[in-house]
Amino acid sequence: MLSINPKMVPRLDELEEDLIARRQRAVQEDWRGEIEGLDLTLAFLRGKREQARRIARSGPVSLGLPVVPHQKPQVAPG
């Protein structure tokens with residue numbers, strides 16, 4: 001399952017507008033199979049857009065940095 005970058009939400013909005021226009025044409029032409037496919041695609045698109053908005057609202061999750069114990073400096077024999 002792909003995660004959508006929140007920066008892509010405007011692009012998803014553009015895609016939705018295009019899909020809605022294509023669906024309207026499919027209704028006018030009575031392309032039933034096309035209508036079903038577009039409805040399914042719109043449902044997935046809207047779900048992904050909502051997922052991206054949730055991610056944007058929650059912000060990044062801090063996983064912390066690994067801690068490396070301090071080592072004494074190595075002294076080269078000399």
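Leaving aside neighbours within four places in sequence, which residues is Arg53 in contact with? Arg53 turns out to be in contact with Val9 and Asp13, where contact means heavy atoms within 4.5 Å. The rest of the picture can be built up around that pair of partners.

A word on the ground rules comes first. This is a predicted model, in which local features need pLDDT of at least 70 and side-chain atom pairs count only at pLDDT 80 or more, while totals for chains, interfaces and linings use all residues. Residues are numbered from 1 along each chain as its sequence is written, and side-chain values use heavy atoms, with hydrogens and water left out.

The overall layout is quick to describe. The protein chain has two helices and zero strands; both kinds of element are DSSP runs numbered from the N terminus, with helices being H or I of at least four residues and strands being E of at least two. Buried residues account for 17% of the 78 residues in the chain, with buried meaning under 20% relative accessible area, exposed over 50%, and partly exposed in between (1.4 Å probe, protein chains only). The accessible surface adds up to about 6,900 Å², and carbon and sulfur atoms hold 58% of that. Such areas come from the Shrake-Rupley method with a 1.4 Å probe, and for residues only the protein chains shown count as cover. Among contacts in the chain with a separation of 6 or more, 62% are between residues 24 or more positions apart.

How do the two helices sit against each other? Helix 1 covers residues 9-29 and helix 2 covers residues 32-58; their axes come within 10 Å and cross at roughly 165°. Here the axes are lines fitted to C-alpha atoms, for helices over the stretch in contact, and angles run from 0 to 180 degrees between N-to-C directions. Helix 1 and helix 2 are therefore roughly antiparallel. On the scale used, angles over 145 degrees count as roughly antiparallel, under 35 as roughly parallel, 65 to 115 as roughly perpendicular and the rest as oblique. The crossing of helix 1 and helix 2 is left-handed, meaning that the near helix is turned anticlockwise from the far one by less than a right angle (clockwise would be right-handed). Helix 1 brings residues including Val9, Leu12, Asp13, Glu16, Arg22 and Ala26 to the contact, and helix 2 brings residues including Glu34, Ile35, Leu38, Arg49 and Arg53. Sorted by class, the contact has twelve nonpolar, one polar and ten charged residues. In this sorting Ala, Val, Leu, Ile, Met, Phe, Trp, Tyr, Cys and Pro are nonpolar, Asp, Glu, Lys and Arg are charged, and the others, Gly among them, are polar.

Some residues of helix 1 show this contact from one side. Ala26 is found in helix 1 and is buried, with a relative accessible area of 0%. Not counting residues up to four places away in sequence, Ala26 touches Trp31, Glu34, Ile35 and Leu38. Its C-alpha atom is 9.7 Å from that of Glu36, ten residues apart along the chain. Arg22, also in helix 1, is partly exposed at 40% relative accessible area. With the same kind of neighbours left out, Arg22 touches Glu34 and Leu38, and the C-alpha atoms of Arg22 and Ile35, 13 residues apart along the chain, are separated by 8.7 Å.

Between the two helices there is a loop, and Asp30 has its place there. Asp30 has a positive phi of about 60° although it is not a glycine. Most residues other than glycine have a negative phi. Asp30 is partly exposed, with a relative accessible area of 47%.

Over in helix 2, Arg49 is buried at 10% relative accessible area. Leaving aside neighbours within four places in sequence, Arg49 is in contact with Val9, Leu12, Asp13 and Glu16. Glu50 lies in helix 2 and counts as partly exposed at 32% relative accessibility; Glu50 and Val9 are 41 residues apart in sequence and 8.9 Å apart in space, C-alpha to C-alpha. Gln51 of helix 2 is buried, with a relative accessible area of 16%, and beyond its neighbours within four places in sequence it is in contact with Leu2, Ser3 and Ile4. Finally, back to Arg53, which is found in helix 2 and is partly exposed at 32% relative accessibility. The C-alpha atoms of Arg53 and Ile4 are separated by 9.2 Å, with their positions 49 residues apart along the chain.
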